[in-house]
Amino acid sequence: MTTHTDPAPATTASTTAARRELPPLMTLTDRAAKRLVSLYANAHAGQLLRIGISTKGCSGHAYDMSFVNEAGPGDEVVRDHGVTLLVDRKATLFLIGSVMDYEVKQLEAGFTFSNPNEKGRCGCGESFHV
């Protein structure tokens, strides 16, 4: 009769891969931060800007911004330049590394996004695809 014994478990050195720092979800330019500070102090006091991605336009996606009273359970909190804004968790993969700016042109003013994930935009600039 033969007895079978399991070999002793091999000892392995505990190796943990060094974690690299992830890029910030989003950053703000000075102009965007100043505009948000102004909006938060006046017309939207007590609210936060929430950024999401909606399905629309000829390229498929568009930035969706709204003011909300509090963060939702699926919101990521972004703090930059002393300003807080929210990002819909479903939009995070589309927005990683984006920079939000505030531009004033001759006939219009508004927030713009420089998004490294964009692969193209429609002709009118209203929507993008990744």
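Here are some short exercises with worked solutions on this structure, which is a predicted model.

**Exercise 1. Check the span of helix α1, then work out how its buried residues are arranged around the axis.**

Start with the length. Helix α1 covers residues 30-41, 12 residues in all. At 1.5 Å a residue it should span 16 Å, and its end C-alpha atoms do sit 16 Å apart, which agrees.

Next, pick out the buried positions: Ala32, Ala33, Leu36, Leu39 and Tyr40. Look down the axis of α1 and these buried residues fall within an arc of 125°, so they line one face of the helix. The spacing pattern has a simple background: an α-helix has 3.6 residues a turn, so residues three or four places apart point the same way.

Now flip to the face turned away from that buried side. There you'll find the exposed residues Arg31, Lys34 and Ala41.

Last step: what covers the buried residues of α1? The cover includes strands β1 (26-28), β2 (48-55), β3 (61-68), β5 (83-88), β6 (98-104) and β7 (109-114).

**Exercise 2. Describe the largest nonpolar core and find which element gives the most to it.**

First, the size: this core has 21 residues. The ones with the most contacts inside it are Met26, Leu28, Leu36, Ile51, Leu85, Val87 and Met100.

Then sort by element. Two or more residues come from each of β1, α1, β2, β5, β6 and β7. The top giver is α1, with 5 residues.

To get a feel for one of these residues, zoom in on Leu85. Leaving out residues up to four places away in sequence, Leu85 touches Leu28, Leu36, Tyr40, Leu49, Ile51, Glu76, Val77, Val78 and Met100. Of these, Leu36 and Tyr40 are also on the list of buried residues of α1.

**Exercise 3. Work out how β4 and β5 pair, and what His81 is doing between them.**

Begin with the strands. β4 (residues 75-80) and β5 pair in the antiparallel sense over 6 bridges. As a sample, Glu76 has Val87 as its bridge partner in β5.

Move on to the turn. The hairpin has 2 residues between the strands, and His81 lies in that loop. Check its backbone: phi of His81 is near 55°, a positive value in a residue other than glycine.

Is the His81 position buried, exposed or partly exposed? Its relative accessibility is 42%, so His81 counts as partly exposed.

**Exercise 4. Compile the surroundings of Asp75, a residue of strand β4.**

Accessibility comes first: the value is 10%, and buried means under 20%, so Asp75 counts as buried.

Now follow the side chain. It makes a polar contact with the side chain of Arg50 (2.8 Å). The Asp75 side chain also reaches the backbone nitrogen of Gly72, at 2.7 Å.

Finish with the contacts. Not counting residues up to four places away in sequence, Asp75 touches Arg50, Leu86, Val87, Asp88 and Arg89.

**Exercise 5. Place Thr27 and list what surrounds it.**

Thr27 sits in strand β1. At 25% relative accessibility, Thr27 counts as partly exposed.

Which residues is Thr27 in contact with, leaving aside neighbours within four places in sequence? They are Asp80, Ser98, Val99 and Met100.

Finally, take a long-range pair. Thr27 and Phe113 are 86 residues apart along the chain, and their C-alpha atoms are separated by 9.9 Å.

How values were computed
Residues are numbered from 1 along each chain as its sequence is written. This is a predicted model: local features need pLDDT of at least 70, side-chain atom pairs count only at pLDDT 80 or more; totals for chains, interfaces and linings use all residues. Side-chain values use heavy atoms; hydrogens and water are left out. Helices (H or I, at least four residues) and strands (E, at least two) are DSSP runs, numbered from the N terminus. The expected span of a helix is 1.5 Å times one less than its number of residues. Buried means under 20% relative accessible area, exposed over 50%, partly exposed in between (1.4 Å probe, protein chains only). The arc is that of the directions from the helix axis to the C-beta atoms. Contact means heavy atoms within 4.5 Å. A nonpolar core is a set of buried Ala, Val, Leu, Ile, Met, Phe, Trp, Tyr and Cys residues joined through side-chain atoms within 4.5 Å. Two strands pair if DSSP finds at least two bridges between them. A polar contact is a pair of N or O atoms within 3.5 Å; within protein, one must be able to donate a hydrogen and the other to accept it, and residues adjacent in sequence count only if both atoms are side-chain atoms.
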